[in-house]
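Hi there,

Here is the structure I promised to pass on to you. Have a look at it first, and then read my notes underneath.

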Amino acid sequence: MSLLQIEGLGIDFGGLRAVHDVGFSLKPGEVVSVIGPNGAGKTTLFNMISGAYQPGRGRVVLDGEEVTRMPPHLLARRGLSRTFQNLQIFQNMTVLENAMVGHHLYERGSVLADLLALPATRRRSRQAADNSRRLLDRVGLGRAAEQEAGALSYGALKRLEIARALALNPRVLLLDEPAAGCNAVETEEIDHLIAAVAAEGVAILLVEHDMKMVMRISNHIVVLDHGEKIAEGEPAAVARNARVIEAYLGTQAGEAGHADS
Ligand SMILES: Nc1ncnc2c1ncn2[C@@H]1O[C@H](COP(=O)(O)OP(=O)(O)OP(=O)(O)O)[C@@H](O)[C@H]1O
């Protein structure tokens, strides 16, 4: 059974049909990538699924329950979390503190309780720190916990961002360009991390421009062009698809074909 079901999703900006009638689904442990030329609607689709944009049409169903238009913090509590294209890391805080932000963003409790440092609040903070350390180990940053985040390499920062999105043990993880700006070694580390998270049963939805990475790690690819789904399927089949090659002509046709080999 599918964990995340996208049905006929669409949105217009003024007269522009940015996304129209897009549907697909994700099963637990599956890596699904959304690709398409610049301006195809990938980020807009992502923003609608993660609650940042309100879709004009269609439904988002998480584990059988409709969650269309639900705000991001409620979606996170229900098991859907995301990372951002532009890093949302606090450079002057430690790596551990940054990982703990993931908990504080979504945990229950009140500002007053925090100010009074009530026992329950202190207990929650301790639990958040313990859990964050485990998450840092999971993304290969355990030893960097006390370092300032600003001292990390770019690839490590990207992994820190993923650690934060894992704070509430999501069942669905949306990754917005997790390898953007990374070198080949850093990209490979992120590959491994994504595969490891998926192996634990988390469904992963990915928007990524690095076509080789997409071809390597995806179980299924959805292709958008001008806001519409023009193809979907296994990586090898998508890379051979005539409509996909045509959509990419003049942009990334070479890479898409190359990645099939
Ligand atoms: N907030 C907005 N207001 C108006 N138009 C928008 C908005 N966001 C996106 N668009 C338009 O919607 C279309 C889809 O944009 P989107 O950013 O989703 O594409 P993309 O596939 O993510 O592109 P890229 O690969 O360049 O990131 C584009 O024509 C874009 O200009």
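Below is what I found in it, starting with a sheet and moving on to the helices.

Please keep in mind that this is a predicted model. A good place to begin is the open sheet of six strands, whose order is E6-E7-E8-E3-E9-E10 and whose pairing is mixed. Strand E6 (80-82) and strand E10 (228-233) are the edge strands, each of them pairing on one side only. On average, neighbouring strands in this sheet are turned by 20 degrees against each other, if direction is ignored.

Now look at strand E7 (residues 172-176) and strand E8 (residues 203-207): they run parallel and are joined by five bridges. Asp176 is found opposite Val207 in E8.

Helices pack here too. Helix H1 (residues 42-49) sits on the sheet and touches strand E3 (31-35), E7, E8 and strand E9 (220-225). The direction of H1 makes about 150 degrees with that of E7. H7 lies across E3, E7 and E8, and runs at about 150 degrees to E8.

H7 (residues 184-199) also has a helix partner, H6 (residues 154-165): their axes are 9 Å apart and pack at an angle of about 20 degrees. Angles under 35 degrees count as roughly parallel, so H6 and H7 are roughly parallel to each other. H6 passes H7 in a right-handed crossing. Which residues meet there? From H6 come Tyr154, Gly155, Lys158, Arg159 and Ile162, and they meet Glu186, Glu189, Ile190 and Leu193 in H7. The residues of this contact comprise four nonpolar, one polar and four charged.

Enjoy exploring!

Definitions and conventions: Residues numbered from 1 in each chain as written. Predicted model: local features only at pLDDT ≥ 70, side-chain atom pairs only at ≥ 80, totals over all residues. Axes fitted to C-alpha atoms, helices over the stretch in contact; angles between N-to-C directions. Helix = DSSP H or I, 4+ residues; strand = E, 2+ residues; numbered from the N terminus. Parallel < 35°, antiparallel > 145°, perpendicular 65-115°, else oblique. Left-handed = near helix turned anticlockwise from the far one by under 90°. Contact = placed C-beta atoms within 7 Å. Nonpolar A, V, L, I, M, F, W, Y, C, P; charged D, E, K, R; others polar. Pairing = 2+ DSSP bridges.
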